[in-house]
Amino acid sequence: MSLNRRHAVALLALSATMSGLPSAHADQLDDIKKKSELVVGVLGTDEPNSFIDAKTREFVGYEVDLAHALAAKLGVKLKLKQLAVAARIPELQQGRVDLLAASLTHTKEREAVIDFSLTTFVTGQKVMVKKASGITAVPQLSGKKVVTVKGGTQEPNIRKAVPNVDVVTFETGPQAFQALQQGKGLALVNDEVSLLDQFAKLGPLQAQYQILDQNLSVEPLAIGIKKGEAKLKAQVDGVLRELEKSGEADRLFNKWYGPTSKLKFPRRTFKIDSDKVDG
């Protein structure tokens, strides 16, 4: 057999083999049901969204409850995978998790690389300082060192508010909070909910700290979904709409954020009904 003919036969054989393979893009929702498991990425360090219960050593929190509701509706087992803030989107894109329930802010910029569910929570970002620093307003941080979480929207938001601020980042919120206490920065930038939780943990030392009034941004949090997975997004949004309609969404908010919780929010000021964001 000549070299050219041998090459042609090889190509035909390869083509026949490949024609029997499944398409390169399988539907993710079908894959989840087939493996009977939903893998959801969580932070596990951001109370009360997702954190480790001291007694059970299991992940609990507002977003963890949302993940349980999604898995129950799909009729599959839930597997939670702890992620660093900066690793959230790469882990989703590379298929290592099916969804992100990880204090993820929905932004127009991120829409270019992933999809988002309906907004599940709305918060803002603020600044905590030691009173001894003399800082009473955000603009006073000009030229000063602040600490925050790596890979989130906190750093770009404080840089937008104070262009020449010096930012030092840490892998987790608790690490950044500890850095503030150790004097590694004059201020801590984080979501208001996280700051309120951290402030509560100061106990008697609360008198030495304050959270500044100014909101750096409005942060709509949502579940992250791999780009182009329309069926999975429709399923996720459907479950969230059911939670809102049944009153379960309000119950979950009150459980983790409401008047009888540690954070004592007086009421829920948003509804789970839209995936649109400004800017």
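Colleague: Which residue is the bridge partner of Val-129 in E11?

Modeller: In this predicted model, the partner of Val-129 is Gln-210.

Colleague: What makes E7 and strand E11 a pair?

Modeller: The cut-off is at least two bridges between the strands. E7 and E11 (residues 209–211) have three, in the antiparallel sense, so they count as paired.

Colleague: How many bridges join E7 to strand E10, and how many join E7 to E12?

Modeller: E7 and E10 (residues 187–191) are joined by five bridges, E7 and E12 by nine. Both pairings are antiparallel. Within E10, Lys-126 has Asn-190 as its bridge partner; within E12, Asp-115 has Ile-225.

Colleague: Why is E7 called largely enclosed by the rest of the structure?

Modeller: A residue is buried when its relative accessible area is under 20%. In E7, 15 of the 17 residues are buried, and the strand is therefore largely enclosed.

Colleague: Which elements each supply at least two residues to the largest nonpolar core, and how many residues does that core have?

Modeller: The core has 36 residues, and Leu-38, Tyr-62, Leu-99 and Tyr-257 have the most contacts inside it. At least two residues each come from helix H2 (28–35), strand E1 (37–42), helix H3 (62–74), strand E7 (114–130), strand E12 (217–226), helix H8 (230–246) and helix H9 (248–256). H3 gives the largest share, six residues. A second core, apart from this one, has 14 residues, including Leu-141, Val-162, Val-167 and Val-189.

Colleague: Which residues does Leu-99 touch, not counting those up to four places away in sequence?

Modeller: Leu-99 touches Leu-38, Val-39, Val-40 and Gly-41, together with Leu-70, Leu-92, Ile-223, Gly-224, Ile-225, Leu-232 and Val-236. As a general matter, nonpolar side chains in soluble globular proteins tend to be buried together.

Colleague: How do you know whether Gln-28 is buried or exposed?

Modeller: The relative accessibility of Gln-28 is 9%. The limit for buried is under 20%, so Gln-28 counts as buried. Gln-28 lies in helix H2. Beyond its neighbours within four places in sequence, Gln-28 is in contact with Val-97, Asp-98, Lys-226, Glu-229 and Leu-232.

Colleague: What makes Ile-52 count as it does, at 31% relative accessibility?

Modeller: The class between under 20% and over 50% is partly exposed. Ile-52, at 31%, therefore counts as partly exposed. The residue sits in strand E3 and touches Gly-44, Arg-57, Glu-58, Phe-59 and Gln-82, neighbours up to four places away not counted. From Ile-52 to Glu-229, 177 residues along the chain, the C-alpha separation is 30 Å.

Colleague: Why is one side of strand E2 and of strand E4 left without a neighbour in the sheet?

Modeller: The sheet is open, with three strands in the order E2-E3-E4 and antiparallel pairing. E2 (45–46) and E4 (59–60) stand at its edges and each has a single partner strand, so each has one side without a neighbour. E2 and E3 (residues 50–52) pair over two bridges, and Asp-46 stands opposite Ser-50 in E3.

Colleague: What kind of peptide bond joins Glu-47 and Pro-48?

Modeller: The bond is cis, with omega about 10°. Pro-48 belongs to the loop between E2 and E3. Most peptide bonds are trans, and most residues other than glycine have a negative phi.

Colleague: What is the phi of Ser-36, and what is that of Lys-264?

Modeller: Phi is about 55° for Ser-36 and near 60° for Lys-264. Both values are positive, and neither residue is a glycine. Ser-36 is in the loop between H2 and E1, Lys-264 in the segment after H9.

Colleague: Why do Ser-36 and Lys-264 fall where they do on the accessibility scale?

Modeller: Exposed requires over 50%. Lys-264 has 53% and is therefore exposed. Ser-36 has 39%, so this residue is partly exposed.

Colleague: How many residues, helices and strands are in the protein, and what share of the residues is buried?

Modeller: The protein has nine helices and 12 strands. Of its 279 residues, 46% are buried. Among contacts with a separation of 6 or more, 71% are between residues 24 or more positions apart.

Key. Residues numbered from 1 in each chain as written. Predicted model: local features only at pLDDT ≥ 70, side-chain atom pairs only at ≥ 80, totals over all residues. Heavy atoms only, no water. Core = buried A, V, L, I, M, F, W, Y, C linked by side-chain atoms within 4.5 Å. Buried < 20%, exposed > 50% of the residue type's maximum accessible area, 1.4 Å probe, protein only. Helix = DSSP H or I, 4+ residues; strand = E, 2+ residues; numbered from the N terminus. Contact = heavy atoms within 4.5 Å.
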